[in-house]
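Reader: Could you take me closely through one part of this structure, the surroundings of its bound ligands, and explain each term as you go?

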Amino acid sequence: MKIELPNQAYKYVTENSKECDGETAFILTTQNEKYLQNAKDNSAHSIIKVDAVADLFQIDKIKIIGITGTNGKTTTASAIYSFLLDLGYKCAMQGTRGLFMNDEVVEGKTLTTPSVLNTYKHIYQAVEAGCEFFIMEVSSHAIVQKRVEGLNFELKILTNITQDHLDYHKTLEDYIYVKNSFFADEGKKLINKDEPRAKFNFKNAYTYGIENPSTYRLMAYSLNDASSGLIQYFQEIVPFTASLHGFFNLYNLMAAIGAVHLVTGKKLEEIADVVDNFAGVSGRMEQVCAAPNVIVDFAHTPDGMQQVLNALKEKELLVVFGAGGDRDGLKRPMMGRVAASLAKKVYLTSDNPRHEDPELIIEDILSGIDDRSIVTVELNRKKAIEMALDAQEEDEVVVILGKGDESHQIIYDEKFPFDDRDIVRELLNLK
Ligand SMILES: CC(=O)N[C@H]1[C@@H](OP(=O)(O)OP(=O)(O)OC[C@H]2O[C@@H](n3ccc(=O)[nH]c3=O)[C@H](O)[C@@H]2O)O[C@H](CO)[C@@H](O)[C@@H]1O[C@H](C)C(=O)N[C@@H](C)C(=O)N[C@H](CCC(=O)O)C(=O)O
Ligand SMILES: Nc1ncnc2c1ncn2[C@@H]1O[C@H](COP(=O)(O)OP(=O)(O)OP(=O)(O)O)[C@@H](O)[C@H]1O
Ligand SMILES: N[C@H](CCC[C@H](N)C(=O)O)C(=O)O
Ligand SMILES: [Mg+2]
């Protein structure tokens with residue numbers, strides 16, 4: 001992607017050597033330094049280190065909040081975004097669902113953490129729009145590949161560390177190390193105190209938690225129709241109510257409340273007052289239909305599935321899911337085990353098989369399930385959903401996991417329109 005910059009000796013900058021030419025400068029990053037020679041061969045106008053363009057993108061003119069963790073990044077980011085907007089701040093949010101600014105969608109989905117220059121461009125757009133805060137999700141891939149190079153974070157947040165992405169990180173230890181490496185500096189950080197795998201630099205560290213003493217501690221909570229709780233912050237005890245469901249979402253809310261308190265210095269009561277306005281995130285614990293009860297959620301890790309199914313376990317659950325191709329294969333049997341332990345019936349199907357054989361992905365999931373009598377295998381996701389809906393009895397819940405608000409099924413490199421929510425509405429004649 002070429003970006004036009006006014007009043008410079010060059011016309012454009014790019015981080016891709018292939019786009020370089022006489023009027024386009026090559027922005028050298030840790031990620032692309034291996035292509036330096038290629039940039040020169042393509043007669044790049046000049047070679048500029050990324051830190052030398054930071055000022056042009058005004059990246060220090062905004063407070064950047066970075067969120068990492070296996071699950072809950074998008075939800076926590078969205079809660080912070082919602083609270084800040086409600087408190088009257090202008091802000092932007094970049095993550096899995098795209099780029100959002102002052103309550104508008106600016107760009108659709110790409111990566112959870114885009115490339116360095118892409119993020120710089122987004123920050124520039126946010127600064128130009130008068131935003132005071134830039135909230136961004138930071139994936140483990142981005143940490144390894146230094147896609148956050150040059151950014152000074154006002155606050156870094158850790159949600160949790162469980163298992164995902166072992167296709168990329170190879171061992172769980174490597175993955176844990178990478179997540180924790182984001183918190184090795186002395187900058188301000190907000191850490192989940194109940195996450196035993198968290199390791200961080202204690203300087204400027206704040207914590208939140210439910211089970212362990214922490215800076216922001218949830219003293220009491222209730223999870224009936226929605227959720228409510230009492231947060232303790234030193235001598236202060238402040239109540240809040242929220243429309244989100246599930247114990248795990250209490251962690252996302254605590255992280256977001258603590259974060260907004262730390263970056264704005266507003267009174268905790270004032271922040272607690274706006275919590276209820278946050279309606280949650282599209283495709284996460286989204287009830288597509290109340291009767292019959294059908295829920296779509298983005299759980300695509302063993303822990304995510306466990307949290308969501310636990311939150312719904314008062315009812316009998318019919319669970320439809322698969323696992324992504326070209327992604328962590330080791331999480332698949334674990335996902336199978338979790339589903340089989342919490343569901344009445346399991347429907348195994350396809351979830352973005354990409355370049356893998358969907359049947360083999362399902363074999364991997366099945367290897368974690370002892371009692372296969374509760375399992376139905378149907379590769380066609382629409383048919384699998386239909387089978388679950390057909391089998392559903394009163395008071396049972398159909399839970400469709402893994403794709404959330406995704407709009408496509410990815411098979412090889414092709415994207416086929418597919419939205420779990422639309423499929424449910426179509427099958428139930430709701431539209
Ligand atoms: C496995 C992986 O993460 N790959 C990412 C990685 O690709 P790569 O290492 O092959 O990079 P590359 O092609 O060598 O390019 C590196 C740099 O060199 C430049 N380049 C490249 C070629 C060239 O000839 N000249 C040149 O200058 C590129 O512009 C880039 O700046 O760097 C690219 C640029 O930043 C990413 O687009 C690409 O993401 C791919 C598409 C991807 O699918 N990534 C997924 C797995 C991912 O990153 N997911 C995470 C986590 C999701 C989550 O849990 O939320 C995410 O952040 O989305
Ligand atoms: N704090 C949490 N702990 C465990 N599981 C969670 C938590 N928050 C959300 N989840 C589960 O993870 C799913 C994804 O949530 P969310 O999109 O917020 O996470 P994410 O970290 O942004 O994921 P991704 O890395 O794919 O972008 C949810 O649909 C839910 O099933
Ligand atoms: N950010 C996650 C999303 C996974 C969603 C699931 N539907 C899949 O395709 O595996 C990833 O890229 O691993
Ligand atoms: Mg996300």
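Author: What follows looks at ligand 1 and then at the magnesium ion. This is a predicted model, in which local features need pLDDT of at least 70 and side-chain atom pairs count only at pLDDT 80 or more, while totals for chains, interfaces and linings use all residues. Residues are numbered from 1 along each chain as its sequence is written, chains are lettered from A and ligands numbered from 1 in the order in which they are written, and side-chain values use heavy atoms, with hydrogens and water left out.

Around ligand 1 there are 18 residues (each with a heavy atom within 4 Å of it), and the closest are Ser 17, Gln 31, Thr 112, Ser 139 and His 165. Among the polar contacts (pairs of N or O atoms within 3.5 Å), a side-chain N or O atom of Thr 112 lies 2.6 Å from an oxygen atom of ligand 1, and a polar side-chain atom of Gln 31 lies 2.7 Å from an oxygen of this ligand.

The magnesium ion (ligand 4) has three protein donors, Thr 74 (OG1), Thr 96 (OG1) and Glu 137 (OE), lying 2.1 Å from it; donors are N, O and S atoms within 2.8 Å of the metal (3.2 Å for Na, K and Ca), and because water is not among the atoms, sites may look incomplete. In sequence, these donor residues follow the spacing T-x21-T-x40-E. Since Thr 96 lies in the loop between strand 6 (91-95) and strand 7 (98-101), and Glu 137 in strand 9 (residues 133-137), the pair ties together parts that are 41 residues apart in sequence (strands are DSSP runs of E, at least two residues, numbered from the N terminus). Glu 137 counts as buried, at 3% relative accessibility, where buried means under 20% relative accessible area with a 1.4 Å probe and protein chains only.

Technical notes: Helix = DSSP H or I, 4+ residues; strand = E, 2+ residues; numbered from the N terminus. Buried < 20%, exposed > 50% of the residue type's maximum accessible area, 1.4 Å probe, protein only. Polar contact = N/O pair within 3.5 Å; in protein donor to acceptor, adjacent residues only side chain to side chain.
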